[in-house]
Amino acid sequence: DPWFKKKHHKRRIIQPQLIHKISQLMEIGGYISIKSDVEELFEYMDMTISNSKCFISYIYKGSEIFNSYNPINLKTNRENYVIGKKLKVFEKIYKKI
């Protein structure tokens with residue numbers, strides 16, 4: 001979701017309406033994954049998903065679920081840039097309850 005500037009907030013993909021629709025369509029036990037190198041945007045996405053009350057934060061370190069999202073560890077150009085600059089990439093997985 002590249003819309004981190006305030007004037008573009010209305011264009012963000014992660015919006016309460018989308019999360020609500022996903023929660024209606026997704027089976028219990030399904031997962032949502034978010035990732036961003038922009039902390040403010042990551043916090044917004046985290047808050048939006050957490051506020052839905054339909055998802056819980058899922059601790060995935062050492063779990064099989066992590067590899068299923070990116071089994072061959074592909075990186076976007078942006079992610080390669082951020083990693084090359086030694087900047088932080090924020091990521092989180094949520095489980096539908």
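Trainee: Let's start with Lys96: which residues does Lys96 touch, not counting residues up to four places away in sequence?
Mentor: Quick caveat: this is a predicted model, where local features need pLDDT of at least 70, side-chain atom pairs count only at pLDDT 80 or more, and totals for chains, interfaces and linings use all residues. Residues are numbered from 1 along each chain as its sequence is written, and side-chain values use heavy atoms, with hydrogens and water left out. Taking contact as heavy atoms within 4.5 Å, and skipping residues up to four places away in sequence, Lys96 touches Ser23, Met26, Glu27, Ile28, Gly29, Gly30, Cys54 and Phe55.

Trainee: And how far away from Lys96 is the nearest side chain of opposite charge?
Mentor: Lys and Arg count as positive, Asp and Glu as negative, with His and the chain ends not counted. A salt bridge needs a side-chain nitrogen of Lys or Arg within 4 Å of a carboxyl oxygen of Asp or Glu. Lys96 is buried (under 20% relative accessible area; exposed is over 50%, partly exposed in between; 1.4 Å probe, protein chains only). Yet Lys96 has no salt bridge, and the nearest side chain of opposite charge, Glu27, sits at 9.2 Å.

Trainee: Which backbone oxygen does the Lys96 side chain reach?
Mentor: Glu27 is 9.2 Å away, with no salt bridge to Lys96. At 2.7 Å, though, the Lys96 side chain reaches the backbone oxygen of Ser23.

Trainee: In what order do the strands of the sheet run?
Mentor: Helices (H or I, at least four residues) and strands (E, at least two) are DSSP runs, numbered from the N terminus, and two strands pair if DSSP finds at least two bridges between them. E1 and E3 pair over 6 bridges, while E2 and E3 pair over 4 bridges. Both pairings are antiparallel, and Phe55 stands opposite Lys96 in E3. The 3 strands form an open sheet in the order E1-E3-E2.

Trainee: Along E1, which side chains point to the buried face?
Mentor: The side chains alternate along residues 31-36. Tyr31, Ser33 and Lys35 point to one face and are not buried, while the buried ones on the other are Ile32, Ile34 and Ser36.

Trainee: At about what angle does H2 run to E1?
Mentor: Axes are lines fitted to C-alpha atoms, for helices over the stretch in contact, and angles run from 0 to 180 degrees between N-to-C directions. H2 lies across E1, E2 and E3, and to E1 it runs at about 160°.

Trainee: Lys53 isn't a glycine, but has a positive phi: about what value?
Mentor: Most residues other than glycine have a negative phi. Lys53 lies in the loop between H2 and E2 and counts as exposed, at 63% relative accessibility. Its phi is about 65°.

Note on methods:
Polar contact = N/O pair within 3.5 Å; in protein donor to acceptor, adjacent residues only side chain to side chain.
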